[in-house]
Structures are given as structure tokens and as C-alpha cells.
Amino acid sequence: MKTTGILGGMSAAATALYDTQLNALVQQRLAGLHSAGIVVRSVDFAPIAALQAAGVWGAAGLASCPRGRRPCRRGVPICWSSRPTPCTRWPVRLRQPLQIPFVNIADATAAAIVAGGQRRPGLMATAYTMEQGFYLSRLAVVGLGGLDGLVTHAKGRADTHRIIYVELCRGMVLADGRTRFEAIAAGLIGRGADFLIPGCTEVGMLLDQRNVAVPVYDTVAIHCRAAFDLAMAIQVGQDHDALGNSAAG
């Protein structure tokens, strides 16, 4: 498959999830000794997180984009962010300087939702994602405008945000955090959610199909599959073109 670029470090724990899952997917699909060709440009998340907290989203985007261009200069044909917030808040800022295929996590998730047929998601993510609505708005842009999304109450949103930033982003998977996440997910299901979207990649460190009673759309796995499929399509197309040029010569 073609080498892919990851704009990582948002958080480092999420970047590690992507590396693990993409390599597992390559091994599953291609077998043998195949592994994923990955170029990671990992940023320091602390100053970006501070800009997010201050609501300065334009500056936060600019802080990420120059770093994100570097994999492109090394000939990497596909790039994606390992965090949904920048991927949904400033995809145009990333795509324009890259001039290469950019895999949007919300778009990939939307395609999976269409295939699944559920209509009322429970969304668990950072407070920005849950309260500002840009993730579900992105789903509406790509044809899922009829979704009736649910988020938890104010205390649940605060707890979710705190666990993501204070624990999961630092690689801390704690029993109390898992118990709290399970309770929040159960509350969303009790209000009628028929599936769960981990709208922040770290949420999957605590919740999955084993401890949630409705379908869980593992956004990291979905994102990796979309990138893998695109990388393979590009590879096949280039191989086909090379074969045609060789035959013509």
C-alpha cells in the first residue's frame, strides 16, 4: 500500500492507537510480512490545547497546519489528523496546503453510519465537540442531516472532557474513568441513543462493544479503514499506469 501521513500528537495516545490499528489492518488484509508505511509528524499538543481552551480556533489551526505539510514534502500521498476536532474544524486549512488526499474522520464515520442504518447517535467527546456541534454538523453536510444527536448533561460533559484531557491524553486508563464513561453511555442509551459515536479518538480507550449496549462506531478503526482503502486504490492505479506505460514502451 502507499505510504500514508499522520498529523499526530493530538494526543500522543491517539497517535499510538492509529499506528497500532493501521498495522493490524494491513496485517489482516495483506498478511505475510506486510506492515503499514507511515510517516508521522507529531506536534506538541500543549500549546494547541491552550488555544482551543481560549477559543482561538484559527490560531490553533495555523499551529497545526505548517507541521502537517511536512509529510507531503516527503512524497506522502495521504494524510489525516489523529484528532477529530481539528479534522472537522479546519479541514480546508489542512487540505489546501497539502494538495494531497485528506481523509476526514467525520466523512468516514458518516459512510459507516449510512451502512449501519441507525439514526440517533449518542456523542461522547471533548466539551468543544459536544457543545459546539461541529461534528454532527459535518455529518449533516455529508448527507446525514436527519440524525437526532444526543449529548450528556452538563456534569457529564465536564466529566467526559476532564477524563479525556487529564487521563486519556496522558495514556492513563483508569477504572474510575471507565466506570464514569460507562454510566454516561448508559444514560445516553436510556434517553434513546441507538448507537454511540466516540467523537474523540481517546474515548475508545475506555468504551467499546464489550461494555456498551448499542453499536459503537469505532472512529479510529473506521478512519484507518478509509485511509487503507484509499491508499490501496492509489497503489493499484499507479501500478496499472506503470504496467500500461511499460507495455506501450
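## The main core

The largest nonpolar core in this predicted model takes in 32 residues. Met-124, Ile-164, Leu-168, Phe-181, Leu-196, Val-203 and Leu-207 are the ones with the most contacts inside this core. Four helices each put in at least two residues: α2 (45-53), α8 (127-132), α10 (154-167) and α11 (175-190). The largest share is that of α11, with 4 residues.

Phe-181 is a handy place to start looking around. Skipping residues up to four places away in sequence, Phe-181 touches Met-124, Thr-160, Ile-163, Ile-164, Leu-168, Val-203, Leu-206 and Leu-207. There's also another core, lying apart from the main one, and this other core has 12 residues. Ala-106, Ile-113, Leu-147 and Ile-197 are among them.

## The pocket

If you're hunting for pockets, the largest has a volume of about 150 Å³. Its lining is made of Leu-17, Gln-21, Pro-198, Thr-201, Gly-204, Met-205, Leu-207, Asp-208, Gln-209, Val-216, Asp-218 and Val-220. Sorted by type, the lining comes to 6 nonpolar, 4 polar and 2 charged residues. Leu-207 turns up in two places here: in the lining of this pocket and among the residues with the most contacts in the largest core.

## A closer look at Met-172

Met-172 sits in the loop between α10 and α11. Is Met-172 buried, partly exposed or exposed? Its relative accessible area is 34%, and because that falls between the 20% and 50% cut-offs, Met-172 counts as partly exposed.

Leaving out neighbours within four places in sequence, Met-172 is in contact with Val-166 and Glu-167. Then there's Ala-13, which is 159 residues away from Met-172 in sequence but 9.1 Å away in space, C-alpha to C-alpha.

## The chain overall

The chain runs to 249 residues, and 48% of them are buried. Its secondary structure comes to 12 helices and 5 strands. Take the contacts between residues at least 6 apart in sequence: 77% of these join residues at least 24 apart.

## How far to trust it

Mean pLDDT for the chain is 80, with 74% of the residues at 70 or more. Where is confidence lowest, and where is it highest? The low end is helix α6 (residues 91-98), with a mean of 50, while α11 is at the high end with 98. Where pLDDT is low, don't read the predicted coordinates in detail. The helix with the highest confidence, α11, is also the one that supplies the largest share of the main core.

Note on methods: Residues are numbered from 1 along each chain as its sequence is written. This is a predicted model: local features need pLDDT of at least 70, side-chain atom pairs count only at pLDDT 80 or more; totals for chains, interfaces and linings use all residues. Side-chain values use heavy atoms; hydrogens and water are left out. On a 1 Å grid over the protein atoms alone, a cavity is a set of points where a 1.4 Å probe fits but cannot get out, and a pocket is an open set with protein on both sides within 12 Å along at least five of seven lines; lining residues have an atom within 4 Å of a point. Grid points are joined across faces, edges and corners, and a volume is the space filled by probe spheres set on the points. Ala, Val, Leu, Ile, Met, Phe, Trp, Tyr, Cys and Pro count as nonpolar, Asp, Glu, Lys and Arg as charged, and the others, Gly among them, as polar. A nonpolar core is a set of buried Ala, Val, Leu, Ile, Met, Phe, Trp, Tyr and Cys residues joined through side-chain atoms within 4.5 Å. Buried means under 20% relative accessible area, exposed over 50%, partly exposed in between (1.4 Å probe, protein chains only). Contact means heavy atoms within 4.5 Å. pLDDT is the predictor's confidence in each residue, from 0 to 100.
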